[in-house]
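Visitor: I should like a close look at a single part of this structure, beginning with one backbone detail and continuing to the elements around which a fuller picture can be drawn. Please take it step by step.

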Amino acid sequence: MTIMKKKGKISLNGEWSLKNEVRSINILASVPGSVYEALLENNLIEDPFYGMHEHEMSWIYESDWQYEKTFDVSDDLLKYENLILRFNGIDTISEIELNNIHIGTTSNMFRSYEFDVKDYIKNTGNRIKVIIHSPTQRAREEIEKYGHRLKEAPDAIPGVPFLRKAQYSFGWDWGPKLPDIGIWKPIELIGFDKIRIDSVYIIQNFTYNKDPLKIANPKDIEDIKVELVNLQIQIELDSSIFSMNSNQDVNPEVNGYFANVIIISPEEEEISQEVEIKNKSISLEINIKKPQLWWIYELGKPYLYEIQVFIKKNDVIIDSQTHKIGIREIRLVRNEDKWGETFYFLLNGVPIFAKGANWIPVDSFIPRGKRLGLYSMNLKYAKKANMNMIRVWGGGIYEDDLFYDLCDELGLLVWQDFPFACALYPYTSEFIDNFKEEAIQNIKRLRNHASLAFWCGNNENEWLMELYLSNIFKSDSNKRRQYKKDYMELFEKLLPELINEYDPQHDYWPSSPSNGGIFREGGRDLLNPNSPDRGDSHYWMVWHAGKRFSAYRKFNSRFMSEFGFESFPSMKTISSFCPSDQFDLYSPIMENHQKNAAGNKKILRYMKKRFIIPKKFENQVILSEITQGEAIEYGVEHWRRNRNKFHCMGALYWQLNDCWPVVSWSSLDYFGRWKALHYFSKRIYQPIFPSVKEDKESIDFWITNDLRTSCEFILNWKIMNSAGMVLKHGSFNSEIFPCTSLKAGTITVSEINRDEIKRQNNVVFFKLKYIQNGEKIISHGFRLFDAPKKFNLLNPELSYNFEDVSLGESNIKLKIQNKNIAFYVFIDSGLVDFIASDNFFSMEPNESRIITLCNIKPINHEKKLSKQEIRDSIIIRSLFDLIRN
């Protein structure tokens with residue numbers, strides 16, 4: 001049907017002027033955008049990410065900036081009864097003038113602001129001015145007003161917890177101190193008469209053929225079916241003629257208004273329903289039999305339905321909204337059990353093991369990151385690495401609509417933190433009223449997304465609160481009690497009430513990590529928010545506390561929502577911020593691009609435990625990535641083995657992405673280049689995954705199946721020494737049920753590991769094959785019995801040749817062969833970036849692998865390369881080559 005909207009709207013995005021009167025700056029700037037972007041585009045500053053330039057930028061965030069634009073308005077728009085100027089996002093403290101009249105202020109980058117401008121708008125020459133004040137100056141004013149600082153990230157610019165601004169921008173242990181300033185989201189002028197749609201909420205009620213929570217045998221998961229879904233479409237109106245209920249005085253103006261809903265299936269079949277409007281709240285119900293469900297990628301397709309909502313009178317469409325929804329049910333299941341309490345997500349009746357990473361903002365200057373395509377790139381690469389959940393971390397932002405749209409389409413679940421992290425916060429009426437409006441707006445904005453799994457109050461505030469309170473208010477017990485009470489009011493009373501009112505379909509969790517909150521029924525305090533027995537966990541004994549990777553096996557988390565390990569980005573990325581004369585772990589520029597205290601020293605210390613340290617800086621960089629991959633692999637495989645009886649049901653490592661080129665915990669660097677960890681993740685997050693649990697005496701062989709179907713498999717294994725002599729070999733054949741882990745078998749190795757030198761030079765290789773696929777190999781793995789540096793590694797004598805590909809295909813296919821054992825074979829190029837079908841893999845003697853390189857892009861985008869030039873640039877090496885150079 002043709003949609004003829006009665007509501008009018010014009011965009012005020014595009015070219016604005018940007019002024020700094022103190023420095024006599026007057027330039028053009030894009031909206032949405034950032035002051036930094038505009039200064040860069042006008043060549044007024046150097047790249048803040050290069051070298052030490054970050055420290056030359058303080059004048060920008062210490063200044064006030066003025067955006068201005070002149071615009072005209074049509075006669076048609078001026079005729080509306082209401083004219084609303086809507087700012088979807090200003091970062092952060094601003095005053096707004098229209099035609100020399102002060103119309104309002106903003107103090108929160110996370111929310112939109114609307115101003116009634118009907119009395120101030122004219123046909124031509126409207127002049128809008130937005131004066132954005134220094135966020136750091138405001139932070140200092142708040143500190144002075146309160147008489148104390150609130151705890152923020154180490155080495156961050158003080159005061160950000162007093163502001164409703166992305167905390168990472170003031171500095172974090174992976175991010176620069178570059179507080180952004182700007183109009184970071186669109187601006188629009190909206191005209192309407194008596195009625196417009198305020199919000200739409202779709203509630204889904206599922207009818208199953210059996211109760212998923214009563215399934216005792218995992219085999220029965222295969223039989224779960226959704227027979228019927230009842231959709232309740234709730235529409236809230238902004239209207240001057242309708243009240244909140246139908247018991248209003250008869251008003252002839254209210255007659256003849258109708259709400260119409262059309263649901264369009266993935267096959268473009270339509271269901272529609274219409275109802276006469278009686279008040280501001282409208283509800284319609286539609287049943288869908290045998291719906292096409294939204295799934296995470298490993299369980300099915302993420303089918304999306306389109307829901308169109310229209311407000312009409314006399315067949316004229318007055319307002320409309322369109323929403324893409326997935327028909328799915330997501331629940332957080334918390335049941336008492338022998339370990340404590342479960343913590344897992346049930347998707348359409350299927351218990352899922354969450355596999356993924358934590359997400360930080362895509363750029364220090366977020367609008368630029370969106371324009372550069374970083375949302376699409378990072379999320380598509382997350383899916384390629386077999387992830388099914390992304391945690392939006394609380395030190396960043398409520399993400400852009402594009403982020404959630406992409407997650408809906410890709411079949412990625414989203415754990416959504418509210419933007420609070422690692423700090424204490426003021427609990428004044430001004431702060432809470434501001435936050436409450438922010439929360440309501442964003443709950444309404446995000447609640448219909450298929451990808452949204454649940455809401456979480458904050459990051460680590462509960463866990464760190466006692467430490468922060470004792471440090472800041474050491475001698476003031478009253479202040480400590482008050483801040484604790486304020487914390488509970490905000491995160492354990494206000495937020496759950498708001499979720500219950502505006503999004504009762506989603507669960508709420510007070511903090512991460514948490515075992516349920518400071519307050520529980522009965523009035524008892526829970527002493528360990530990071531308990532391994534209930535709730536979610538953060539584990540930093542590996543990395544921050546310096547423990548070995550084996551420590552992961554001693555922490556049996558119910559849901560590991562944060563753990564991580566640092567590495568350097570690729571040399572191509574390092575070259576983008578560091579000149580070659582500073583290619584050294586401890587050079588000033590390399591240390592400036594390492595924000596974790598003594599982080600580079602820590603990386604080297606861990607590398608020394610595992611490997612012989614090469615002399616070349618370039619090889620040290622690659623070795624750091626391999627060490628990072630090993631660490632995360634060690635933890636993930638342990639927690640995945642523990643999924644039976646829901647003992648552990650999630651592993652989300654810190655972190656997926658970077659906001660600038662930096663040494664960090666990410667698996668994708670700022671430019672989207674895959675570190676070794678991302679290739680490791682692609683293997684360890686496979687839906688069906690083999691792993692080994694080894695010690696000096698024995699090896700347990702495990703298979704984990706995250707699918708909702710059973711699988712028959714063959715697991716072949718062999719143990720050999722460094723010379724390639726096979727000491728033991730065998731196989732295990734079995735069926736593995738859905739959503740389970742299976743110990744396929746155990747073998748004794750004490751007789752071949754009795755001698756320490758021999759044990760250090762023994763290695764187990766294993767291959768998993770599907771029987772259903774004609775015994776096709778789906779996974780390779782290996783494990784040493786000691787550190788790789790103690791293994792007598794021979795030259796693997798790698799060779800390779802290029803395989804033919806279809807005419808016109810841009811991919812490159814390689815066949816790699818070896819004579820001797822090869823650990824961490826990796827493919828690189830100095831001329832192009834690419835994504836390999838596998839990388840940083842290991843090979844037993846006389847093996848061959850076919851590897852496909854796709855997404856091939858020249859590093860120098862202006863230079864065209866022939867296929868032969870690209871082939872000639874390919875380099876294939878292994879651990880043997882790294883440690884000998």
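Guide: In this predicted model, N386, which follows just after helix α6, adopts a positive phi of about 65°. The helix that precedes N386 spans residues 374-384. Its buried residues are L374, Y375, M377, N378, L379, Y381 and A382. The buried set of α6 thus includes N378 alongside residues such as L374 and L379.

From this helix we may turn to the largest pocket, whose volume is about 1,900 Å³. Its lining comprises 49 residues, and those that lie nearest the centre are R86, N88, Q321, D401 and R445. Helices and strands contribute to this lining: α5 (366-371), α7 (401-410) and α8 (429-446) each give two or more residues, as do β1 (8-11), β9 (113-116), β12 (187-192), β13 (195-208) and β19 (316-325). By residue class, the lining divides into 23 charged, 14 nonpolar and 12 polar residues.

Two of the strands that contribute to the lining, β13 and β19, lead to the sheets. Strand β19 belongs to an open sheet of 4 strands, which runs in the order β16-β15-β18-β19 with antiparallel pairing. Because β19 and β16 (270-276) each have a single partner strand, they form the edges, and one side of each is left without a neighbour in the sheet. From one strand to the next, the twist averages 15°. At the β16 end, strand β15 (residues 257-264) is joined to β16 by 7 bridges, and the two run antiparallel. One position in this pairing is V261, whose bridge partner in β16 is Q273.

Strand β13, in turn, belongs to an open sheet of 3 strands in the order β13-β14-β17, again with antiparallel pairing. Here β13 and β17 (281-289) stand at the edges; each has a single partner strand, so one side of each lacks a neighbour in the sheet. Neighbouring strands of this sheet are turned by 20° against each other on average, direction ignored. Strand β14 (residues 226-239) runs antiparallel to β17 and is joined to it by 9 bridges. Within that pairing, V229 has I288 of β17 as its bridge partner.

The pocket and the sheets may now be viewed together. Strand β19 gives two or more residues to the lining of the largest pocket and stands at an edge of its sheet. Strand β13 likewise gives two or more residues to that lining and stands at an edge of the sheet that holds β14 and β17.

Key: Residues numbered from 1 in each chain as written. Predicted model: local features only at pLDDT ≥ 70, side-chain atom pairs only at ≥ 80, totals over all residues. Heavy atoms only, no water. 1 Å grid on protein atoms, 1.4 Å probe; cavity = no way out; pocket = protein on both sides within 12 Å on 5 of 7 lines; lining within 4 Å. Points joined across faces, edges and corners; volume = space filled by probe spheres on them. Nonpolar A, V, L, I, M, F, W, Y, C, P; charged D, E, K, R; others polar. Pairing = 2+ DSSP bridges. Axes fitted to C-alpha atoms, helices over the stretch in contact; angles between N-to-C directions. Buried < 20%, exposed > 50% of the residue type's maximum accessible area, 1.4 Å probe, protein only.
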